[in-house]
Amino acid sequence: AATIGLMGAMDEEIALLLEQVEGQNTVIHAGIGFVTGQLHGKEVVVCKSGVGKVNAAATTQVLVDRFGADTILFTGVAGAVHPELNIGDIVISSSCQQHDMDVTPLGFARGIIPYQDVSDFPADKKLIRLAEEACSKLCEDNNFIVGKVLSGDQFISDYDYVRELHETMDGACVEMEGAAVAQVCHMNGVPYVILRSMSDKADGTADVNFAEFTVLAARHSFEILNEMVAGL
Ligand code: ADE
């Protein structure tokens, strides 16, 4: 039977999901709690990966190997990179790339993983469509865009840096897990999409805004994800 892996990085990002999942049972692998159960009658596994690409990669592989996840959806918050995005707005990943993969001294462009075909990992088209439909239905006061999610093991809080991420890498938002999830999904042939609601603008006020708006943004992202699972 189909199993949907539902991931977040932080407690705030999975809290509302855990309130909705029925018949919960928790199993621990690699120190991560995986909560199996049903959401809208579908088999799901909910987990909190922890922050950063290594946590996200290991957690994604466990979802695939041990829980047979054949679809992975990630819900959470991000810093806005596209200049038209405001706090609360949604980014649906068209693809994900690591902005901190930097082998430029050897002549590789920023974000390119050397000696490998793909560095910008495309999200699943059907899942993107489903996310767009959920946003069209639920996003009243917030905008949503389909765009590139940039990931790195850095919290970005610098206006010039965030402009550069937009101009040189065409990023829509920046966070710390999506590209790791995307890469592991690509390696395993598992469809994925990342949903992110903006908690801040990755500029000089990002730390303050992140603290203030993470709960609100996490709720927006959860609402879209919940609608998507109902439609899967
Ligand atoms: N997640 C939320 N805001 C972020 C930021 N500014 N940088 C990296 N990850 C984030």
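## How H3 passes H6

H3 passes H6 in a right-handed crossing. This is a predicted model, so read what follows with that in mind. On the H3 side, the contact is made by Leu130, Ala131, Glu133, Ala134, Cys135, Lys137 and Leu138, while H6 brings in Glu223, Ile224, Glu227, Met228 and Gly231. Sort those residues by class and you get seven nonpolar, one polar and four charged.

Now for the geometry. Helix H3 covers residues 125-138, and its axis sits 9 Å from that of H6, with a packing angle of about 120 degrees. Angles from 65 to 115 degrees count as roughly perpendicular and those over 145 as roughly antiparallel, and H3 and H6 are therefore oblique to each other.

## H1 meets H6 too

H6 also packs with helix H1, which is made up of residues 11-20; here the two axes come within 8 Å and cross at roughly 45 degrees. H1 and H6 are therefore oblique to each other, and their crossing is right-handed.

Who touches whom? From H1, the residues are Glu12, Glu13, Leu16, Leu17 and Gln20. From H6, they are Thr214, Val215, Ala218, Arg219, Phe222 and Asn226. By class, this contact of H1 with H6 splits into five nonpolar, three polar and three charged residues.

## Around the ligand

Let's turn to the ligand. It has 14 residues around it, and the closest are Gly79, Ile156, Glu175, Ala202 and Ala206. Four elements give two or more residues to this shell: strand S5 (71-80), strand S9 (171-175), strand S10 (192-200) and helix H6 (206-231). So H6, the helix that packs with H3 and H1, also has a hand in the ligand shell.

Which element gives the largest share of the shell? That would be S5, with three residues. As for chemistry, the shell around the ligand holds nine nonpolar residues, along with three polar and two charged ones.

## What the record says

UniProt has an unreviewed entry here, and it lists residues 3-229 as "domain: Nucleoside phosphorylase". In the model, that span is 37% helix and 31% strand. The C-alpha atoms at the two ends of residues 3-229 lie 11 Å apart.

Definitions and conventions
Residues are numbered from 1 along each chain as its sequence is written. This is a predicted model: local features need pLDDT of at least 70, side-chain atom pairs count only at pLDDT 80 or more; totals for chains, interfaces and linings use all residues. A residue is near a molecule or strand if its C-beta atom, placed from the backbone, lies within 6 Å of it. Ala, Val, Leu, Ile, Met, Phe, Trp, Tyr, Cys and Pro count as nonpolar, Asp, Glu, Lys and Arg as charged, and the others, Gly among them, as polar. UniProt positions are given in the numbering used here, feature names are shortened, and annotations may be inferred rather than shown by experiment. Axes are lines fitted to C-alpha atoms, for helices over the stretch in contact, and angles run from 0 to 180 degrees between N-to-C directions. Angles under 35 degrees count as roughly parallel, over 145 as roughly antiparallel, 65 to 115 as roughly perpendicular and the rest as oblique. A crossing is left-handed if the near helix is turned anticlockwise from the far one by less than a right angle, and right-handed if clockwise. Two residues are in contact if their C-beta atoms, placed from the backbone, lie within 7 Å.
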